[in-house]
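Reader: I would like a close look at the empty spaces inside this protein. Please take me through what lines them.

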Amino acid sequence: MRFSQFAGIVGCTTAAFISIAPIQVDAATFKVISGVTSIDRDHEEILKKIGLTLTGSNNTVAPIPSNYLVGFNIDSATNFTFSDEGGFTPLSGTIEHTGTVNFNNQITVGDFSIGFAPGRTVQDASGFVLRDTFSLDTILFDLSIPEPAVFNGQNLTIPDVKLLVSPEFAKILGNPDLTGLFAGTARIDAQVAAVPEPDSVLAVLAAGAALLATRFYTRKIKYS
């Protein structure tokens with residue numbers, strides 16, 4: 001078969017594939033890259049009732065909104081991804097933070113990590129947890145199923161996340177009955193970036209056809 005005929009067949013085949021392939025709009029994947037997780041003032045008041053008084057903080061940031069208690073910067077080590085299918089569908093990874101707080105001038109916790117932990121048994125929990133990675137290296141709070149997330153393609157806001165005392169934290173506090181206690185409200189305001197999708201089947205087919213045609217053309221020149 002002459003090269004011109006082969007190239008024509010490849011071109012027609014690719015064109016035909018393009019013409020019959022259905023156009024699908026798939027859900028996109030996004031990654032959290034920066035932002036602030038803020039804790040409302042109700043958290044401080046509730047913890048006071050169980051003997052935990054906030055006595056200091058370090059490396060924290062201004063909360064969002066400004067009438068909240070404290071903000072924790074979302075760190076670059078974050079690898080949390082989600083899909084915009086259904087508005088907001090978590091996929092994998094964790095949201096890492098910097099900043100610490102001190103209670104009773106005795107215990108410092110912080111550099112929090114938010115992620116999914118399977119098998120949680122706390123009522124009304126979502127499966128997502130807030131873990132202290134600074135000193136205790138344990139889950140402090142289970143997170144409730146939040147209000148609907150707000151996402152505009154560049155910014156993600158997850159409001160009114162309820163903090164529920166974890167079994168692990170209740171044990172540290174010496175009172176297992178505290179498990180599941182509502183301990184305040186959190187809010188996540190994050191900037192995100194789209195995660196590039198893998199090459200489509202059509203792109204691979206087109207690239208393969210072009211490469212194959214080039215090889216045939218090179219051989220034709222070599223042996224002419």
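Author: Here is a walk through the cavities, one pocket and the strands beside them. This is a predicted model, in which local features need pLDDT of at least 70, side-chain atom pairs count only at pLDDT 80 or more, and totals for chains, interfaces and linings use all residues. Residues are numbered from 1 along each chain as its sequence is written, and side-chain values use heavy atoms, with hydrogens and water left out.

Some terms come first. On a 1 Å grid over the protein atoms alone, a cavity is a set of points where a 1.4 Å probe fits but cannot get out. A pocket is an open set with protein on both sides within 12 Å along at least five of seven lines. Lining residues have an atom within 4 Å of a point. Grid points are joined across faces, edges and corners, and a volume is the space filled by probe spheres set on the points.

There are two cavities of 30 Å³ or more. The largest cavity holds about 250 Å³ of space. It is lined by 22 residues, and His43, Val101, Phe103, Phe112 and Phe141 are the closest to its centre. Its lining has 19 nonpolar, three polar and no charged residues. Here Ala, Val, Leu, Ile, Met, Phe, Trp, Tyr, Cys and Pro count as nonpolar, Asp, Glu, Lys and Arg as charged, and the others, Gly among them, as polar. Elements that each supply at least two residues of this lining include α2 (41-49) and β11. Helices (H or I, at least four residues) and strands (E, at least two) are DSSP runs, numbered from the N terminus.

The second largest cavity has about 40 Å³ of space. Among its lining residues are Thr37, Leu130 and Leu143. β13 and β14 (182-194) are the elements that give two or more residues to this lining.

Now the second largest pocket. Its volume is about 190 Å³. Of its 14 lining residues, Phe88, Ser126, Phe128, Pro146 and Ile158 lie nearest its centre. The lining divides into 12 nonpolar, two polar and no charged residues. β10 (125-132), β11 (138-144) and β13 (155-165) each supply at least two of them.

Follow β10 further. Two strands pair if DSSP finds at least two bridges between them. β10 runs antiparallel to β11, joined by five bridges. Aspartate 132 has threonine 138 of β11 as its bridge partner. These two strands form a hairpin with five residues between them, and aspartate 137 in the turn has a positive phi of about 50°. β10 is also joined to β9 (residues 113-116), antiparallel, by four bridges.
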